Amino acid sequence: FQARQVLDHEWFQAYVPREEDGCYIESPDGSIADATLTASKVCWWHMADGKVLGLHAGQLVEYDSETLSPLGVVVSSDHLGSREVVVVQQGTAVVLVDDRTKEMEVIHPNDDGSYWRKFQRN
């Protein structure tokens with residue numbers, strides 16, 4: 001008798017920005033991705049406070065400003081859905097705009113200045 005074990009791994013893959021990748025947005029002011037592109041667009045930019053945000057795999061991610069390593073998810077793909085991502089006031093705020101209802105949600109930084117969401121166990 002020979003036991004056979006099949007492992008099905010689904011690996012987490014994170015996009016890591018690079019200076020030369022062609023995805024950097026130099027002056028983020030206005031629409032970053034309209035509702036039809038949020039799921040497929042890959043781009044990254046510096047906010048006015050020096051934080052680095054990016055859009056990848058339909059989610060908004062914060063990266064370390066020095067190493068560009070992913071720190072965490074700011075807005076998950078489920079929450080982002082098909083909303084437009086807009087950077088306003090010369091990179092001081094991120095706004096999500098629902099394409100259908102035109103409702104807006106401002107993404108505020110955490111108390112420590114970071115944007116990625118920290119989840120706590122109950």
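Mentor: Accessible areas are obtained here by the Shrake-Rupley method with a 1.4 Å probe, and for residues only the protein chains shown count as cover. This is a predicted model, in which local features need pLDDT of at least 70 and side-chain atom pairs count only at pLDDT 80 or more, while totals for chains, interfaces and linings use all residues. Residues are numbered from 1 along each chain as its sequence is written, and side-chain values use heavy atoms, with hydrogens and water left out.

Trainee: What share of the accessible surface of the chain belongs to carbon and sulfur atoms?

Mentor: The accessible surface of the chain comes to about 8500 Å². The part of that surface belonging to carbon and sulfur atoms is 48%.

Trainee: Which pattern does the chain follow when read along the sequence?

Mentor: Helices (H or I, at least four residues) and strands (E, at least two) are taken as DSSP runs and numbered from the N terminus. The chain has one helix and eight strands by this reckoning. Read along the sequence, the pattern is β-β-β-β-β-α-β-β-β.

Trainee: How much of the chain do buried residues make up?

Mentor: A residue is called buried under 20% relative accessible area, exposed over 50% and partly exposed in between, with a 1.4 Å probe and protein chains only. Of the 122 residues in the chain, the buried share is 33%.

Trainee: Which residues have the most contacts inside the largest nonpolar core?

Mentor: A nonpolar core is a set of buried Ala, Val, Leu, Ile, Met, Phe, Trp, Tyr and Cys residues joined through side-chain atoms within 4.5 Å. The largest one has 17 residues, and the two with the most contacts inside it are Trp-45 and Val-94.

Trainee: Which elements give two or more residues to this core, and which residues does the second, separate core include?

Mentor: The elements giving two or more residues to the largest core are β1, β2, β3, β5, β6 and β7. The second core, separate from it, has six residues, and these include Trp-44, Val-61, Tyr-63 and Leu-68.

Trainee: Where does Leu-68 lie, and is it buried or exposed?

Mentor: Leu-68 lies in the loop between β4 (59-63) and β5 (70-75), and its phi is near 60°, a positive value in a residue other than glycine. Because its relative accessibility is 9%, Leu-68 counts as buried.

Trainee: Gln-89 is also in a loop; is Gln-89 buried or exposed?

Mentor: Gln-89 is found in the loop between β6 (83-88) and β7 (93-98), and its phi is near 55°, a positive value in a residue other than glycine. Since its relative accessibility is 56%, Gln-89 counts as exposed.

Trainee: Which residues is Gly-91 in contact with, leaving aside its neighbours within four places in sequence?

Mentor: Gly-91 lies in the loop between β6 and β7 and is buried, with a relative accessible area of 3%. Gly-91 and Gly-50 are 41 residues apart in sequence and 9.4 Å apart in space, C-alpha to C-alpha. Taking contact as heavy atoms within 4.5 Å, the partners of Gly-91 beyond its sequence neighbours within four places are Pro-28, Met-47 and Ala-48.

Trainee: Which backbone oxygen does the side chain of Thr-38 reach?

Mentor: Thr-38 has its place in the loop between β1 (30-33) and β2, and it is buried, with a relative accessible area of 1%. At 3.1 Å, its side chain reaches the backbone oxygen of Gly-81.

Trainee: How far is the nearest cysteine sulfur from that of Cys-23?

Mentor: A disulfide is a pair of cysteine sulfur atoms within 2.5 Å, and the structure holds zero disulfides. Cys-23 is in no disulfide, and the nearest cysteine sulfur, that of Cys-43, lies at a distance of 7.5 Å.

Trainee: Which residue forms a salt bridge with Arg-83?

Mentor: A salt bridge is a side-chain nitrogen of Lys or Arg within 4 Å of a carboxyl oxygen of Asp or Glu, and a search of the whole structure finds two. Arg-83 is buried, with a relative accessible area of 14%. With the closest N and O atoms 3.0 Å apart, the partner of Arg-83 is Glu-105.

Trainee: Why does this pair tie together separate parts, and how many residues apart in sequence are they?

Mentor: Glu-105 counts as partly exposed, at 27% relative accessibility. Because Arg-83 lies in strand β6 and Glu-105 in strand β8 (residues 104-107), the pair ties together parts whose separation in sequence is 22 residues.

How values were computed: Polar contact = N/O pair within 3.5 Å; in protein donor to acceptor, adjacent residues only side chain to side chain.
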